[in-house]
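Work through these exercises with the sequence and the 3D view open. Try each task before you read its solution.

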Amino acid sequence: MGHQPCAIVGIGQTHHKSRRWDVSLGGLVREAARRALDDAEMDWDDIDAVVLGKAPDLFEGVMKPELYLTDALGAVGKPMFRVHTAGSVGGSTGIVASHLVESGRHRRVLAVAYQKQSEGNAQFALGSGKGASLGAGGAFAPFMRSYIYRSGAPLDVGPMVAVKDRENALKNPYAHLKIEDISLEKVKASPMMWDPVRYLESCPSSDGACAVVFTDEVGGREAEAAGRAPAWVLASAVRSEPASFPGRDPVRPQGAVDVANDVYQQVGITNPREQIDCAELYVPFSWYEPMWLEAHLIAEPGEGWQMVESGATALDGDFPVNMSGGVLSSNPIGASGLLRFAEAAMQVRGTAGEHQVDGAKVAMAQAYGASAQYFAMWIVGSSLDPYGS
Amino acid sequence: MAARTDDDIAIIGWSQSPMVRATNKTETQMLLEVITGAVEHTGITRAELDFTCAGSCDYVAGQAFSFVQNIDAIGAWPPKRDSHVEMDGAWALYEAWVRLLMGDVDVALATGSGRSSTADPGTIYPMEMDPYYLAPLGVDAMTFAGLQAQALVERGAVTERQMAEIAARTRRDAKDNPFAQVSGDFDVDVLLAEDYVRSPLRRHDLPPITDGASAVVIARGDKARELCERPVWITGFAHYAEIHYPGLRDLTKAESVTLAGKAAGLDEAPIQVAELQTAFTHEEPLVASALGLGPDVEINPSGGPLAGNPIMSTGLVRIIEAAARIRDGGTHRALAHSTSGPCLQQNLVCVLEGDER
């Protein structure tokens with residue numbers, strides 16, 4: 001049997017900030033979920049099942065928080081499912097929720113992902129309280145240096161990505177970091193954190209949540225008829241690979257290549273740069289934009305940086321990347337993947353406001369995690385047959 | 001019985017580790033052994049696993065991203081379609097089952113693993129409560145279980161003697177379970193002479209602290225028949241949650257157990273065996289009653305969680321034990337139950353059936 005179509009009819013997110021001390025954990029997820037339900041013109045009772053995603057429980061000090069958050073998310077008397085696939089978890093959360101609809105298990109599923117980094121100390125938790133944490137920047141810096149060495153990319157490419165994403169964030173009312181006077185000079189003048197990544201080329205620590213309402217084909221058609229454009233899930237895929245072994249290429253992980261090939265094949269995409277209108281890629285450090293453009297087969301090996309340098313990935317370029325401002329502008333870790341997936345859906349629904357790409361019909365989103373070894377990806381479209389085949 | 005179609009999914013292989021108080025193996029090593037065991041039991045290789053899903057818990061492991069190391073045990077090279085739930089392996093199996101329902105891949109693996117010896121469960125478990133109003137009280141799982149047991153005793157739903165009899169019965173049954181940690185013959189009067197740990201719970205009412213892991217292989221219809229002479233079909237699979245705050249619930253009821261049983265089609269035909277994740281003695285009559293199980297249903301013939309309680313794997317082990325009873329013959333239809341959270345907050349039911357013979 002083939003699986004059933006799945007539509008996205010509601011999207012909500014919080015205003016992401018360093019400290020959302022005005023809300024509890026329950027209040028934070030409820031803020032995003034309520035906005036998604038309002039967007040879908042639904043109420044809590046309309047939801048059949050809830051899928052919750054977040055990165056390590058040690059970050060907030062709440063073990064298995066799906067238990068406590070069952071009440072806040074209206075999941076009493078419903079299935080409540082908890083996903084955790086490292087940094088890719090937000091993406092996996094959306095994929096698991098879409099599978100519940102596509103498999104025919106449920107008609108309407110609410111996916112929620114969050115992180116409230118201010119409740120704890122991520123650096124401490126990454127080292128499991130043993131103080132031995134390298135941190136994400138330190139872990140990824142060697143991969144980025146290796147990319148620069150391999151590709152011969154000019155050193156300005158990283159700062160250019162940072163400027164572009166921070167300019168996009170100025171158009172996104174929910175983005176955490178808004179740096180009005182951002183410039184190449186300002187980025188390059190910021191302190192070097194983990195060579196080659198400077199302070200302004202790095203993601204912030206954010207409190208935030210994202211929620212998405214999924215429904216079946218009937219629900220999607222109803223929303224469409226009511227003038228609320230749905231986004232259709234055209235394909236999704238995940239891949240994992242071990243962190244380290246001889247022969248693994250962490251700069252261009254095989255899992256990143258395979259996950260892209262998988263979704264392209266499902267949709268029938270043979271030329272992603274031409275056939276996809278825009279992309280939200282998980283770029284927590286500037287250099288990851290050209291690295292993912294290559295690993296996901298949008299650019300040839302060694303040529304991803306040229307797309308950045310030529311402005312192709314700018315909001316008005318031919319392949320806009322991270323229209324929302326990306327992870328560089330808001331990073332509630334567990335939610336960051338679902339924010340990418342949600343932004344792609346907003347683009348094809350035409351609801352992205354000032355950061356809308358004109359006429360976007362097909363958008364991709366990606367999230368990755370751990371030592372660049374967990375990948376989640378989906379492609380969404382404004383219709384089930386975006387290429388009119 | 002309806003003819004099986006390609007959309008039906010069956011359990012075709014499994015493996016569990018010995019249940020021990022403390023292993024000197026890492027969680028990854030435990031998983032390496034049970035995954036190898038499960039694929040060998042199935043007669044396949046890791047390369048034939050189209051999808052894998054692990055269930056484990058960072059707090060039990062005492063480490064953030066603890067499951068990331070466990071990917072080494074899966075053998076995810078070339079890279080695999082893979083996922084992880086911060087839930088018992090029974091829910092990992094649920095995700096794997098949904099993944100196979102999608103129809104594009106045929107074989108999946110689910111695992112559950114936990115090393116409770118890493119830390120003191122009494123310190124960890126208060127952390128799963130509401131962080132603002134309940135966690136600061138430091139109330140551990142035993143105390144919440146005690147509150148529920150007391151409510152059941154006061155309601156007349158169970159007596160302390162019946163609870164001791166459940167402890168004695170399950171540990172006697174566990175003598176035949178080579179994986180069991182606690183087994184043997186116990187005199188109910190002797191058990192009842194002991195002091196309370198948390199009134200009305202005595203030591204025998206509590207599960208042991210256990211390190212352990214388990215793995216289950218499932219496959220879609222035709223593939224299941226191709227790989228396995230006696231597939232065990234998953235005919236129903238559902239889970240539900242209820243209110244987190246024990247104070248807002250009637251603790252003498254387990255409504256989400258009833259919901260899960262109904263949604264899993266439990267009422268459609270009689271079952272012979274029920275493997276329940278009832279880690280405390282008083283939970284057995286509560287869950288059995290919520291599922292409407294009659295006296296003819298054999299409960300926890302493996303000994304159940306009172307004989308070995310590898311947190312994050314305990315539920316998946318119930319599914320293995322129920323499947324094993326069907327595979328071994330004598331049982332046609334069985335159910336497995338898993339739970340999470342204070343006072344049975346979240347419950348899962350999996351209904352299994354063999355082919356007519």
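**Exercise 1. Locate A:Ala370 and describe its backbone and surroundings.**

*Solution.* Start with the place: A:Ala370 sits in the loop between β10 and β11 of chain A. Helices (H or I, at least four residues) and strands (E, at least two) are DSSP runs, numbered from the N terminus. This is a predicted model, where local features need pLDDT of at least 70, side-chain atom pairs count only at pLDDT 80 or more, and totals for chains, interfaces and linings use all residues. Residues are numbered from 1 along each chain as its sequence is written, while chains are lettered from A and ligands numbered from 1 in the order in which they are written.

Next, the backbone. Phi of A:Ala370 is near 55 degrees, a positive value in a residue other than glycine. Most residues other than glycine have a negative phi.

Last, the surroundings. A:Ala370 has 22 other C-beta atoms within 10 Å, so it is buried. The cut-offs: buried means 20 or more other C-beta atoms within 10 Å of the residue's own, exposed means 12 or fewer, and partly exposed lies in between, with C-beta atoms placed from the backbone.

**Exercise 2. Describe the strands on either side of this turn.**

*Solution.* β10(A) and β11(A) form a hairpin with 4 residues between them. Strand β10 covers residues 362-369 of chain A, and its pairing with β11(A) is antiparallel, over 8 bridges. Two strands pair if DSSP finds at least two bridges between them. Within the pair, A:Gln366 stands opposite A:Met377 in β11(A).

Now add β8(A). β8(A) also pairs with β11(A) in the antiparallel sense, over 8 bridges. Here A:Val233 has A:Val380 as its bridge partner in β11(A).

**Exercise 3. Why is β11(A) described as largely enclosed?**

*Solution.* Count the buried residues. In strand β11 (residues 374-381) of chain A, 8 of the 8 residues are buried, so the rest of the structure largely encloses this strand. Then sort them by direction. A:Tyr374, A:Ala376, A:Trp378 and A:Val380 point one way, and A:Phe375, A:Met377, A:Ile379 and A:Gly381 point the other.

**Exercise 4. Follow the chain from β2(A) to β3(A).**

*Solution.* Begin with the pairing: strand β2 (residues 49-53) of chain A and β3(A) run parallel over 4 bridges. A:Met80 in β3(A) is the bridge partner of A:Val50. The chain passes from β2(A) through helix α2 (residues 66-72) of chain A to β3(A), a right-handed β-α-β crossover. Right-handed means that, with the strands pointing away from the viewer, the path from the first strand over the helix to the second runs clockwise.

On the way, stop at A:Lys64, in the loop between β2 and α2 of chain A. Phi of A:Lys64 is near 45 degrees, again positive in a residue other than glycine. A:Lys64 is buried, with 26 other C-beta atoms within 10 Å.

Finish on β3 (residues 80-83) of chain A. Both faces are covered: A:Met80 and A:Arg82 on one side, A:Phe81 and A:Val83 on the other, are all buried.

**Exercise 5. Find two cis peptide bonds.**

*Solution.* In chain A, take the bond from A:Asp195 to A:Pro196: it is cis, with omega near 15 degrees. A:Pro196 is in the loop between β5 (192-194) and β6 (197-198) of chain A. In chain B, the bond from B:Trp77 to B:Pro78 is cis, with omega near 0 degrees. B:Pro78 lies in the loop between α3 (66-74) and β3 (81-85) of chain B. For comparison, most peptide bonds are trans.
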